[in-house]
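Trainee: Could you walk me through this model, term by term? I want to know what stands behind each label.

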Amino acid sequence: MSLSTARQRAFTLIELLVVIAIIAILTAILFPVFAQARESARATSCLTNTRQIGTGQLMYAQDYDEQIIPWNTVQDGAGTAAQVLGCWTNLIQPYVKNKQILFCPSFNPQSTQKAADQGLCDGDNSAYSGHPGELFLSPGTPLGSDNILAHYGISRNATFGSTTAGDCYPQNSSNYPYTHYAGSGWQIDQYNATTTNYSTLGLAAIVAPAKTAIIGDAWTTISGGFSGTTSGYPTPAGLVRSRFGCEGTYRHKGDGANLTFLDGHSKYITGNPESHLKNMPNGCAYEEYFAYDIE
């Protein structure tokens with residue numbers, strides 16, 4: 001074989017660079033697709049978890065005279081260990097018999113805190129303003145795994161906003177859209193501490209179980225006590241807290257969260273679940289998934 005023949009069969013430098021460039025372009029195109037496929041799989045797994053949890057909370061209700069499962073049956077003063085035992089994450093175990101379903105593969109403390117920090121959630125649009133100690137020990141340092149009881153939160157019985165025409169949102173822009181969460185357990189006051197009021201709510205009181213959420217992408221944790229930049233009242237270290245509603249906004253694909261409803265089904269909600277509003281006949285707005293006493 002002559003030298004000229006060998007040269008004809010070899011790749012030139014330009015040809016190699018073209019091949020490398022093509023590979024780089026294909027990689028840039030395909031990697032985001034692979035990432036999206038992985039996140040879709042994680043989101044599906046997370047949704048499956050919430051469906052199993054939904055079945056468990058219905059089974060609990062059947063055993064307890066249709067009472068909605070409490071977020072916690074123990075007050076703060078009883079200590080951390082007692083609070084964990086009385087928490088919904090433990091109460092539901094006889095019915096699901098699987099602690100792993102309490103953890104979502106898409107959970108990310110940074111994106112969850114970002115959602116909580118929003119002005120339309122629990123913060124003031126500044127970093128670490130929305131209950132930061134319930135996810136972080138300090139800026140950039142998330143809680144350890146021992147402090148994470150679930151990547152989901154559960155509803156507590158609380159009311160915001162008004163249904164009185166003229167005193168309600170949007171007529172009164174300083175008010176919240178009407179919200180009446182369906183839940184049971186010890187109530188928490190404006191200082192983020194449990195009160196002396198223990199409330200129970202039965203399924204019979206729920207006007208539309210299929211559109212009333214009870215559990216969703218958020219968190220249930222043992223607080224680390226970090227106060228962040230909030231001007232409110234931080235949760236002291238060692239207290240169990242569960243958040244529910246807007247905190248899952250960025251959980252899946254950067255825009256949406258899973259919710260479990262009181263009829264047992266779960267579904268993916270785009271955007272901030274609390275921003276899905278409907279109007280009553282008198283013009284007052286209410287949160288579609290978080291007002292158990294409105295049709």
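Trainee: What is the bridge partner of isoleucine 222 in β9?

Mentor: The partner is valine 240. A word on the source: this is a predicted model, so local features need pLDDT of at least 70, side-chain atom pairs count only at pLDDT 80 or more, and totals for chains, interfaces and linings use all residues. Residues are numbered from 1 along each chain as its sequence is written, and side-chain values use heavy atoms, with hydrogens and water left out.

Trainee: What makes β8 and β9 paired strands?

Mentor: Two strands pair if DSSP finds at least two bridges between them. Four bridges join β8 to β9, so the pair qualifies. The two run antiparallel. The labels follow DSSP runs, numbered from the N terminus: helices are H or I with at least four residues, strands are E with at least two.

Trainee: Which way do the residues of β9 point?

Mentor: Val240 and Ser242 point one way, Arg241 and Arg243 the other. In a regular strand the side chains alternate between the two faces of the sheet. All four of these β9 residues are buried, which means under 20% relative accessible area (exposed is over 50%, partly exposed in between, with a 1.4 Å probe and protein chains only).

Trainee: How do you know that aspartate 167 is partly exposed?

Mentor: The relative accessible area of aspartate 167 is 39%. That value falls between the two cut-offs, so the label is partly exposed. Aspartate 167 lies in the loop between β4 and β5. Leaving aside neighbours within four places in sequence, aspartate 167 is in contact (heavy atoms within 4.5 Å) with Ser162, Asn172 and Asn175.

Trainee: Why are β4 and β12 called edge strands?

Mentor: The open sheet has the order β4-β5-β13-β12, with mixed pairing. β4 (159-160) and β12 (277-279) each have a single partner strand, so one side of each is left without a neighbour in the sheet. Further in, β5 (residues 178-180) and β13 (residues 285-291) pair in the parallel sense over two bridges. Histidine 180 has alanine 291 of β13 as its bridge partner.

Trainee: What makes a set of residues a nonpolar core?

Mentor: The set must be buried Ala, Val, Leu, Ile, Met, Phe, Trp, Tyr and Cys residues joined through side-chain atoms within 4.5 Å. The largest one here has 29 residues, and Ile53 and Trp88 have the most contacts inside it. β3 gives the most to this core, with four residues. Outside its close sequence neighbours (within four places), tryptophan 88 touches residues including Ile53, Leu102 and Tyr152. Apart from this core lies another, of eight residues, among them Ala213 and Phe290.

Trainee: Why is the largest open space called a pocket and not a cavity?

Mentor: On a 1 Å grid over the protein atoms alone, a cavity is a set of points where a 1.4 Å probe fits but cannot get out. A pocket is an open set with protein on both sides within 12 Å along at least five of seven lines, and lining residues have an atom within 4 Å of a point. The largest pocket holds about 1300 Å³, a volume filled by probe spheres set on points joined across faces, edges and corners. Among its 47 lining residues, Cys121 and His131 are two of the closest to the centre.

Trainee: How many lining residues of the largest pocket are polar?

Mentor: There are 22 polar, 17 nonpolar and eight charged. Ala, Val, Leu, Ile, Met, Phe, Trp, Tyr, Cys and Pro count as nonpolar, Asp, Glu, Lys and Arg as charged, and the others, Gly among them, as polar.
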